[in-house]
Amino acid sequence: MSEYQLDAGLLTVTDVSTVSGPMRREEELMDSCTNALKALLGEFVDMPTEVKKSKYESATTLVQLPQPVMQLPREKAPPRPKPLTAWQKFALKKGIDIHRKKTNRVFDEDRQEWKDKWGKRAREDREKYDWLREVKPGYVAAEAGGDPFLDDRRTKQARLEKQKKKEDHNKRRAEHLMQSQEEVKHLSAAARNLATASNGKFEQAKRFKKNTKKMAS
C-alpha cells in the first residue's frame, strides 16, 4: 500500500512508503504514478477557483494554490555582504547615524508654523516674506538709492545670461568642430585621388579586388 505526501502548492507528490523485496516492475511504477496523480488532482476539488474571461478566448477556470509546505533550497549561494565604504567606516567609528534622513521641515518661531528649508515652496516663501535684508558693512549699491533686492535680482539675471551665452558658445564651437572634421575628411579623400595618375579612377576597384583576394584566402 503506497503512502503519499502531498504538497499542492508545489504540485508535488512524494511516495513515502517503504520498498522491500525485488525491484518494482515498470507496470507497478506506472500504477503508482497514476494513483499519485489521482491523489493530487483530488486535492483541487476543495480549492477556491477563479474564472477569467478574455476577449478572444473562452472562459478559463484557474485554481488558487495554497502556500507550499516544502522549503526548497536556494538556487545560488546567499549574496555576500558588501564591504563598508570609507565614509561608513568613519561614521561607525565616530558613532554617526548614517541612516538618519535629513528633514526638509523646520518650525518658524516668528510665524508659529512649519515651513520647508529648500525646494519650490521654500523659494516662494522667501520671495513672499523677504522684506528685510542684512547687508555687509562694505556693501556698495550699484546705483543711487541702494536697493539690495534689486541688486540681487540683477546679479542673478546677469549670471543666467552669462551661462546662456556660454552654452550657446559651446554649441556653436561643437558644430564648427564637426564641420571642420567633415572638411578634413573630404580634402583627404580628394588628395588621395589626385595622388594617382588616373585621379583615383581605379582606386575603388583596386581596393575591392584586394579585399576579395583577402577574403578568398
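This report walks through the fold, one buried acid, the aromatic pairs, the salt bridges and two unusual backbone angles of a predicted model.

## Overall build

The chain has 217 residues. Its secondary structure comes to five helices and six strands. Read along the sequence, the order is β-β-α-β-β-α-β-β-α-α-α. The pattern opens with two strands and ends with three helices in a row.

How much of the chain is buried? Just 8% of the residues count as buried. The chain exposes about 20800 Å². Carbon and sulfur atoms supply 56% of that area. Now take the contacts between residues at least 6 apart in sequence: 23% of them join residues at least 24 apart.

## A buried acid: Asp7

Asp7 sits in strand β1, which covers residues 4–7. Asp7 is buried, yet it has no salt bridge. Which side chain of opposite charge is nearest to Asp7? It is Arg74, and it is 18 Å away. A salt bridge needs the nitrogen and oxygen within 4 Å, so a partner at that distance does not qualify.

The side chain of Asp7 does have a polar atom beside the backbone of another residue. That atom lies 2.8 Å from the backbone nitrogen of Met70. Met70 also appears among the contacts of Asp7, together with Thr12, Pro68 and Val69. This list leaves aside neighbours within four places in sequence.

## Two aromatic pairs

The structure holds two aromatic pairs. In one, Trp87 and Phe90 form a tilted pair. Their ring centres are 6.0 Å apart, with 35° between the planes. Both residues belong to helix α2, residues 86–94. They are three residues apart there, so about one helical turn separates them. Trp87 is partly exposed, at 47% relative accessibility. Phe90 is partly exposed too, at 42%.

The other pair is Phe107 and Trp114, arranged edge-to-face. Here the centres are 5.3 Å apart and the planes meet at 65°. An angle over 60 degrees counts as edge-to-face, which is why this pair gets that label. Is Phe107 buried, partly exposed or exposed? It is partly exposed, at 28% relative accessibility. Trp114 counts as exposed, at 53%.

## Salt bridges

How many salt bridges does the whole structure hold? A search finds seven. Some of them are linked. Asp108, Arg111, Glu113, Lys115 and Asp125 belong to a network of salt bridges.

Arg111 takes part in two of the bridges described here. With Asp108, the N to O distance is 3.8 Å. With Glu113, the N to O distance is 2.4 Å. Asp108 is buried, with a relative accessible area of 11%. Arg111 is partly exposed at 25% relative accessibility, and Glu113 is partly exposed at 32%.

Another bridge lies in helix α4, residues 148–194, where Lys164 and Asp168 are four residues apart. That spacing means about one helical turn separates them. The closest N and O atoms of this bridge are 3.2 Å apart. Lys164 is partly exposed, with a relative accessible area of 46%. Asp168 is partly exposed as well, at 28% relative accessibility.

## Two positive phi angles

Look next at the backbone. Leu11 has a phi near 55°, a positive value in a residue other than glycine. Where does Leu11 lie? It is in the loop between β1 and β2, the latter being residues 12–15. Leu11 is partly exposed, at 47% relative accessibility.

Gln112 is not a glycine either, and its phi is positive, at about 55°. Gln112 lies in the loop between β5 (105–108) and β6 (113–116). At 51% relative accessibility, Gln112 counts as exposed. The cut-off for exposed is over 50%, so Gln112 falls on the exposed side.

Notes:
Residues numbered from 1 in each chain as written. Predicted model: local features only at pLDDT ≥ 70, side-chain atom pairs only at ≥ 80, totals over all residues. Heavy atoms only, no water. Buried < 20%, exposed > 50% of the residue type's maximum accessible area, 1.4 Å probe, protein only. Contact = heavy atoms within 4.5 Å. Areas by Shrake-Rupley, 256 points an atom, 1.4 Å probe, with all protein chains shown as cover. Lys, Arg positive; Asp, Glu negative; His and termini not counted. Polar contact = N/O pair within 3.5 Å; in protein donor to acceptor, adjacent residues only side chain to side chain. Phe/Tyr/Trp six-rings, centres within 6.5 Å; stacked < 30°, edge-to-face > 60°.
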